[in-house]
Amino acid sequence: MSQETPDEAGRAAGSGRSARALDEVDRRILDELVRDGRTSVRTLADRIHISRTNAYARVERLLRDGVITGFRAEVAPEAAGLGTSAYMALTIEQNTWREVSAELARVRYVEHVALLSGEHDVLALVRAPDNAALRDVVLDRVQRIAGVLSTRSWLVFEEFGGTQSPWQ
């Protein structure tokens with residue numbers, strides 16, 4: 001049997017703060033905000049059937065606890081001039097993740113980067129204006145990063161989001 005106190009057992013690894021479990025109201029708040037981050041606190045409270053004070057306090061707590069990390073606009077890449085999207089898998093030298101990720105963060109058109117386990121080490125989503133710009137990203141920028149051994153790219157033909165929120 002564990003000798004941890006309830007506070008220690010719930011503590012987030014390395015953060016020094018307790019990871020508070022989300023209740024039904026928190027999940028409903030997240031669901032609404034994921035659907036529309038511009039939703040006012042008043043509208044949020046009305047939709048969830050809680051007071052505005054409660055809604056405001058919960059959103060503030062979710063922000064303070066790092067559950068909500070920000071609010072942003074969703075942009076349609078093609079409509080914004082980024083007509084070519086590709087996933088790029090990278091194989092990198094062992095122990096170069098920090099240096100490679102720092103360089104990838106500076107590459108224009110790289111939207112998202114993830115460290116993986118498995119056949120490839122890194123997966124990056126690239127959104128570029130056209131195939132020529134995509135080629136430049138892959139051949140002129142990414143493959144020249146120290147620590148990158150190889151890349152493999154897959155063009156994206158169509159995208160869609162899932163219909164089920166994990167917060168429902």
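Start with the lining of the largest pocket in this predicted model. Colour its residues by class and you'll get 13 nonpolar, nine polar and nine charged. The pocket itself has a volume of about 1,300 Å³. Of its 31 lining residues, pick out Leu33, Val34, Arg72, Ala73 and Glu74, the ones closest to the centre. Which helix gives the largest share of the lining? That's helix 2, residues 24-35, with five residues.

**Helix 2 against helix 3**

Keep helix 2 on screen and add helix 3, residues 41-48. The two pack at an angle of about 125 degrees, and their axes lie 10 Å apart. That angle makes helix 2 oblique to helix 3, because it falls outside the 65 to 115 degrees that count as roughly perpendicular and isn't over 145. The crossing of this pair is right-handed.

Now show side chains for the contact. From helix 2, select Val25, Arg28, Ile29, Glu32 and Leu33; from helix 3, select Leu44, Arg47 and Ile48. By class you're looking at five nonpolar and three charged residues, with no polar ones. Leu33 should look familiar, as it was among the residues closest to the pocket centre.

**Helix 3 against helix 4**

Leave helix 3 where it is and bring in helix 4, residues 52-64. Here the axes come within 8 Å and cross at roughly 110 degrees, so helix 3 is roughly perpendicular to helix 4.

Select Val41, Arg42, Leu44 and Ala45 on the helix 3 side, then Arg52, Ala55, Tyr56 and Val59 on the helix 4 side. Six of these contact residues are nonpolar and two are charged, and again none is polar. Leu44 is worth a label: this helix 3 residue takes part in the contact with helix 2 and in the contact with helix 4.

**Helix 2 against helix 4**

Hide helix 3 for a moment and compare the remaining pair. The axes of helix 2 and helix 4 come within 11 Å and cross at roughly 80 degrees, which means that helix 2 is roughly perpendicular to helix 4.

Which residues meet here? On helix 2, click Val25, Asp26, Ile29, Leu30 and Leu33; on helix 4, click Arg58, Val59, Arg61 and Leu62. The class split is six nonpolar, no polar and three charged. Some names come back: Val25, Ile29 and Leu33 of helix 2 also touch helix 3, while Val59 of helix 4 also touches helix 3.

**Last stop: Glu111**

Jump along the chain to Glu111, which sits in strand 2, residues 110-115. Draw a C-alpha to C-alpha distance from Glu111 to Ala124: the two are 13 residues apart in sequence and 7.3 Å apart in space. What does Glu111 touch, leaving aside residues up to four places away in sequence? Select Leu125 and Arg127 to see those contacts.

Terms used: Residues are numbered from 1 along each chain as its sequence is written. This is a predicted model: local features need pLDDT of at least 70, side-chain atom pairs count only at pLDDT 80 or more; totals for chains, interfaces and linings use all residues. Side-chain values use heavy atoms; hydrogens and water are left out. On a 1 Å grid over the protein atoms alone, a cavity is a set of points where a 1.4 Å probe fits but cannot get out, and a pocket is an open set with protein on both sides within 12 Å along at least five of seven lines; lining residues have an atom within 4 Å of a point. Grid points are joined across faces, edges and corners, and a volume is the space filled by probe spheres set on the points. Helices (H or I, at least four residues) and strands (E, at least two) are DSSP runs, numbered from the N terminus. Ala, Val, Leu, Ile, Met, Phe, Trp, Tyr, Cys and Pro count as nonpolar, Asp, Glu, Lys and Arg as charged, and the others, Gly among them, as polar. Axes are lines fitted to C-alpha atoms, for helices over the stretch in contact, and angles run from 0 to 180 degrees between N-to-C directions. Angles under 35 degrees count as roughly parallel, over 145 as roughly antiparallel, 65 to 115 as roughly perpendicular and the rest as oblique. A crossing is left-handed if the near helix is turned anticlockwise from the far one by less than a right angle, and right-handed if clockwise. Contact means heavy atoms within 4.5 Å.
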